[in-house]
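User: Please take a close look at the ligand site. Which residues come nearest to the ligand, and how much of the accessible area of the ligand does the protein cover?

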Amino acid sequence: MAEDLYIQQGTKEEQYQALIPQIKGLLEGETDEIANLANIAAALKEQFGWFWVGFYLVKGDELVLGPFQGPVACTRIRIGRGVCGTSWKEASTLIVPDVEQFPGHIACSSLSKSEIVVPFFRDGKVVGVLDVDSDQLNQFDTTDQQYLEEILQLLSA
Ligand code: SME
């Protein structure tokens with residue numbers, strides 16, 4: 001079960017299409033959310049080599065750092081704060097091509113240049129967000145949005 005993921009080269013779309021069945025396989029039969037989030041973060045980091053990939057989980061009126069891959073990060077984010085807190089508040093995906101242009105962006109690292117944040121839901125409520133940071137500007141687009149949203153839907157399947 002824990003065999004190495006096959007890392008396919010190709011377009012971003014081809015890479016997601018190769019990765020999604022493997023993520024499905026990893027989640028199959030495992031109900032522990034932390035274990036599943038940890039494997040999703042690792043699979044995405046391995047496949048795409050992004051600077052930081054991880055989860056923040058809703059706890060009361062804050063997001064608290066969950067499983068991630070990459071440098072150490074801020075541990076708590078209030079609702080409406082930064083990209084993550086805004087994505088939570090608006091219950092929608094945010095694509096930020098240049099973090100310096102996002103009012104209130106929380107800089108956990110000065111190396112992070114662009115970002116996508118995707119919320120995930122249980123019973124219609126946001127229970128956490130996936131945050132992906134790149135050290136390149138303009139790294140994320142609606143292709144990432146589409147596939148990352150699809151991956152997070154696997155969590156509630
Ligand atoms: N930049 C995020 C904070 C999380 S770190 O980048 C890992 C934000 O503005 O919400």
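Analyst: The answer below goes through the surroundings of the ligand.

This is a predicted model, in which local features need pLDDT of at least 70 and side-chain atom pairs count only at pLDDT 80 or more, while totals for chains, interfaces and linings use all residues. Residues are numbered from 1 along each chain as its sequence is written, and side-chain values use heavy atoms, with hydrogens and water left out.

The ligand has 13 residues around it, and Val83, Cys84, Ile106, Cys108 and Asp133 come nearest (near means a heavy atom within 4 Å). By class, the shell holds eight nonpolar, two polar and three charged residues (Ala, Val, Leu, Ile, Met, Phe, Trp, Tyr, Cys and Pro count as nonpolar, Asp, Glu, Lys and Arg as charged, the others, Gly among them, as polar). At least two shell residues each come from strand 1 (52–59), helix 3 (82–90) and strand 6 (125–134); helix 3 gives the most, three. Helices (H or I, at least four residues) and strands (E, at least two) are DSSP runs numbered from the N terminus.

Polar contacts are pairs of N or O atoms within 3.5 Å; within protein, one must be able to donate a hydrogen and the other to accept it, and residues adjacent in sequence count only if both atoms are side-chain atoms. A side-chain N or O atom of aspartate 133 is 2.7 Å from a ligand oxygen, and a backbone N or O atom of cysteine 84 lies 2.8 Å from a ligand oxygen. For the side chain of aspartate 131, the distance from an N or O atom to a ligand oxygen is 3.5 Å. Of the 310 Å² of accessible area that the ligand has on its own, the protein covers 98% (Shrake-Rupley method, 1.4 Å probe; for residues, only the protein chains shown count as cover).
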